[in-house]
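Me: I would like to go through this structure in a series of questions and answers. Please give the reasoning before each result.

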Amino acid sequence: MSSAQRNGTELTAVSRTSEFVEGRRADTTPFERELWDVLDEIPDPHIPVSLVEMAMIYDVTEDDGHVTVEMSFPCMGCPAYDMIHNDVRSCLALVDGVDEVEVDVVWDPVWSKDMLTESVREKIREAGISL
């Protein structure tokens with residue numbers, strides 16, 4: 001269930017995710033879209049939104065059970081780096097058809113708060129976090 005459904009709102013997936021994320025998701029297989037949806041359930045440990053909503057997930061590809069997740073972090077030296085990696089691996093490993101999960105951290109493009117949608121920015125502000 002998406003965070004929009006959990007909150008009882010009628011937001012679409014497009015309105016919850018940035019153009020950057022939507023562009024990355026556009027050319028995916030149905031199975032890869034399922035994997036994106038699973039990743040959208042993983043909360044950022046510091047901010048009350050998902051890793052997908054935070055635009056930290058850059059790409060998800062699957063080839064014969066091998067899943068590669070390209071992601072970035074808002075800052076180098078993130079204290080939750082290992083925890084987030086473990087969350088991504090363990091959540092995807094539970095999906096039927098996934099045999100192996102590889103997480104590649106990329107810094108190009110550099111993560112920017114400009115990647116966030118206005119609805120995500122509002123959630124962050126409501127949690128008392130300034131952008």
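Me: Is Arg 125 buried, partly exposed or exposed?
Reply: The classes rest on relative accessible area: buried is under 20%, exposed is over 50%, and partly exposed lies in between (1.4 Å probe, protein chains only). Arg 125 has a relative accessibility of 38%. Because 38% falls in the middle class, Arg 125 counts as partly exposed.

Me: What conventions apply to the model and its numbering?
Reply: Residues are numbered from 1 along each chain as its sequence is written, and side-chain values use heavy atoms, with hydrogens and water left out. This is a predicted model, in which local features need pLDDT of at least 70, side-chain atom pairs count only at pLDDT 80 or more, and totals for chains, interfaces and linings use all residues.

Me: Which residue forms a salt bridge with Arg 125, and which residues make up the network of salt bridges?
Reply: A salt bridge is a side-chain nitrogen of Lys or Arg within 4 Å of a carboxyl oxygen of Asp or Glu. For Arg 125 the closest N and O atoms are 2.4 Å apart, and the partner is Glu 118. The linked network consists of Glu 118, Glu 122 and Arg 125.

Me: How many salt bridges are there, and which distant parts of the chain does the pair of Glu 53 and Lys 123 link?
Reply: Side chains of opposite charge can pair when their charged atoms come close. The count comes to 4 salt bridges, one of them between Glu 53 and Lys 123, whose closest N and O atoms are 2.7 Å apart. Both Glu 53 and Lys 123 are buried. The two residues are 70 residues apart, and the parts linked are the loop between H4 and S1, which holds Glu 53, and helix H6, which holds Lys 123.

Me: In the salt bridge of Arg 121 with Asp 114, which residue is buried and which is exposed?
Reply: The closest N and O atoms of this pair are 3.8 Å apart. Asp 114 has a relative accessible area of 63% and is therefore exposed. At 16% relative accessibility, the buried residue is Arg 121.

Me: What is the pattern of helices and strands along the sequence?
Reply: Helices (H or I, at least four residues) and strands (E, at least two) are DSSP runs, numbered from the N terminus. On this basis the protein chain has 6 helices and 3 strands. Read along the sequence, the pattern is α-α-α-α-β-β-α-β-α.

Me: How far is Val 120 from Met 54 in space, C-alpha to C-alpha?
Reply: Val 120 belongs to helix H6, residues 118-126, and is buried, with a relative accessible area of 0%. In sequence, Val 120 and Met 54 are 66 residues apart. In space, their C-alpha atoms are separated by 7.6 Å.

Me: What separation do the C-alpha atoms of Glu 32 and Glu 62 have?
Reply: Glu 32 is part of helix H4 and is buried, at 8% relative accessible area. Along the chain, Glu 32 and Glu 62 are 30 residues apart. Their C-alpha separation is 6.5 Å.

Me: Where is Ala 55, and what is its phi?
Reply: Ala 55 is in the loop between helix H4 (30-39) and S1. Its relative accessibility is 0%, so Ala 55 counts as buried. Although Ala 55 is a residue other than glycine, its phi is positive, near 60°.

Me: What is the phi of Asp 64?
Reply: Asp 64 lies in the loop between S1 and strand S2 (66-71). At 72% relative accessibility, Asp 64 counts as exposed. Asp 64 is not a glycine, yet has a positive phi of about 55°.

Me: Which peptide bond is cis?
Reply: Pro 109 is located in the loop between strand S3 (100-105) and H6. Omega is about 5° for the cis peptide bond that joins Asp 108 and Pro 109.

Me: Why is there no bond between the sulfurs of Cys 75 and Cys 78?
Reply: A disulfide is a pair of cysteine sulfur atoms within 2.5 Å, and the count by this rule is 0 disulfides. Cys 75 is partly exposed, at 40% relative accessible area. The closest cysteine sulfur to that of Cys 75 is in Cys 78, and there is no bond because the distance is too far, at 5.2 Å.
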